[in-house]
Amino acid sequence: MSQARSCLAAALRKPLGKQRKQQRQPRFRAEIPVVDDSPGSLARLASDVFSSGLGLSRKGGGGGAPARLLLVWPSSEEMGVALREPHDWGESTAHAQLDAVAPAALSSCDAAVFLAPGRSQVEKMKAAADALDTKPVVMFNPAWSFDEEEEGFAGGARGFVGSFSVVYSFTGLEVRGLLSKKKGVLLRCVDGGRFGGESWVLMVEDDAAAPASEQF
């Protein structure tokens, strides 16, 4: 989890330091498996990753005021669970529900994180991101499959979803060959770590030895 925090913090640090000067909105994407589909699992994962606002400051160097992070939840149920449980969100972190996010909440934050948005919520997420102007946004654990993303979006929605740069992904998958199938994970860690850099890494279970890996 610390690796995911490090990637997101590194990605957000630069635009937070000069968000008034940039021309395009920085958009980042992160994907981490949850234990199950319950609201509590999403809240715990979000707390682990975004606790204390990722330790970011508005000037990027650690000497400015804490950056104001807005966590945008997919429903009132998830947001309610997150606020009821004793998570260390930090004073600089605010919360909103995607279907009812207030313009004031968007204007007062320095960066927004859309948590597990559903396919039917893409247009609302796009409208909220547009209202943020050039402030950075993060899409965290989108609630749709790869096939849905490839075939289920059209026009502006597809272009919007595709505009997010993946800075961290750790996704389980089943790898099927001609004669067998194995379990594996697909990893991308843009900042630091054993497989740091721009590459995607496929790690496949090997019955005879440690998991094999291949970069591409």
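# Exercises on burial, packing and charge pairs

Asp110 is buried, with a relative accessible area of 5%. The model behind these exercises is predicted.

## Exercise 1. A charged pair with Asp110

Find the salt-bridge partner of Asp110 and place both residues in the chain.

Solution.
- Step 1. The partner is Arg68; the closest N and O atoms are 3.2 Å apart.
- Step 2. Asp110 sits in the loop between α4 and β4, and Arg68 in the loop between α2 and β2. The pair links distant parts of the chain, 42 residues apart.
- Step 3. Check burial. Buried means under 20% relative accessible area. Asp110, at 5%, is buried. Arg68, at 32%, counts as partly exposed.

## Exercise 2. Two salt bridges from helix α6

Helix α6 covers residues 146–151. Work out which parts of the chain are tied to α6 through Glu149 and through Glu148.

Solution.
- Step 1. Start with Glu149. Glu149 forms a salt bridge with Arg29, with the closest N and O atoms 2.9 Å apart.
- Step 2. Arg29 lies in strand β1 and Glu149 in α6, so this pair ties together parts that are 120 residues apart in sequence.
- Step 3. Test the burial of each partner. Glu149 has 17% relative accessibility and counts as buried. Arg29 has 8% and also counts as buried.
- Step 4. Turn to Glu148. Its salt-bridge partner is Arg119, and the closest N and O atoms are 3.6 Å apart.
- Step 5. Arg119 is in the loop between β4 and α5, while Glu148 is in α6, so the pair joins parts 29 residues apart in sequence.
- Step 6. Check accessibility here too. Glu148, at 29%, counts as partly exposed. Arg119, at 40%, counts as partly exposed.
- Step 7. Set these pairs in context. The whole structure holds 7 salt bridges. Arg27, Lys126 and Asp130 are linked in a salt-bridge network.

## Exercise 3. The faces of helix α5

Why can the buried residues of α5 be said to line one face of the helix?

Solution.
- Step 1. List the buried residues. In α5 (residues 122–131) they are Val122, Met125, Ala128 and Ala129.
- Step 2. Look down the helix axis. The buried residues fall within an arc of 125°, so they line one face of α5.
- Step 3. Inspect the other side. Glu123 and Ala131 are exposed there.
- Step 4. Ask what the buried residues pack against. The partners are α4 (103–108), β4 (111–115), β5 (137–140) and α7 (155–162).
- Step 5. Follow the chain onward. Just after α5, Asp133 takes a positive phi of about 65°.

## Exercise 4. Aromatic pairs

Classify the pairs Trp73–Trp89 and Phe160–Phe164 by ring geometry.

Solution.
- Step 1. Count first. There are 3 aromatic pairs.
- Step 2. Take Trp73 and Trp89. Their centres are 6.0 Å apart, with 80° between the planes. Planes over 60 degrees apart count as edge-to-face, and this pair is edge-to-face.
- Step 3. Locate the two rings. Trp73 is in strand β2 (residues 69–73), and Trp89 is in the loop between α3 (76–84) and β3 (93–97). This pair links distant parts of the chain, 16 residues apart.
- Step 4. Check burial. Trp73, at 0% relative accessibility, counts as buried. Trp89, at 7%, counts as buried.
- Step 5. Take Phe160 and Phe164. The distance is 5.2 Å centre to centre and the planes make 90°, an edge-to-face pair.
- Step 6. Both rings belong to buried residues: Phe160 has a relative accessible area of 2%, and Phe164 has 7% relative accessibility.

## Exercise 5. The nonpolar cores

Which residues touch the most other members of the largest nonpolar core, and which elements supply it?

Solution.
- Step 1. Recall the background. In soluble globular proteins, nonpolar side chains tend to be buried together.
- Step 2. Name the hubs. The largest core has 34 residues; Leu8, Phe50, Leu71, Trp73, Val113, Leu115 and Phe140 touch the most other members.
- Step 3. Trace the suppliers. α1 (2–17), β1 (27–31), α2 (39–50), β2, α3, β4, β5 and β6 (165–176) each give at least two residues. α1 gives the most, with 7 residues.
- Step 4. Zoom in on Phe50. Leaving aside neighbours within four places in sequence, Phe50 contacts Arg5, Leu8, Leu69, Leu71, Trp89, Thr93, Val113, Leu115 and Phe140.
- Step 5. Look beyond this core. Another core, of 22 residues, lies apart from the largest one; among its members are Cys109, Ala129, Phe153 and Ala157.

Note on methods: Residues numbered from 1 in each chain as written. Predicted model: local features only at pLDDT ≥ 70, side-chain atom pairs only at ≥ 80, totals over all residues. Heavy atoms only, no water. Phe/Tyr/Trp six-rings, centres within 6.5 Å; stacked < 30°, edge-to-face > 60°. Helix = DSSP H or I, 4+ residues; strand = E, 2+ residues; numbered from the N terminus. Buried < 20%, exposed > 50% of the residue type's maximum accessible area, 1.4 Å probe, protein only. Arc of directions from axis to C-beta. Contact = heavy atoms within 4.5 Å. Core = buried A, V, L, I, M, F, W, Y, C linked by side-chain atoms within 4.5 Å. Salt bridge = Lys/Arg side-chain N within 4 Å of Asp/Glu carboxyl O.
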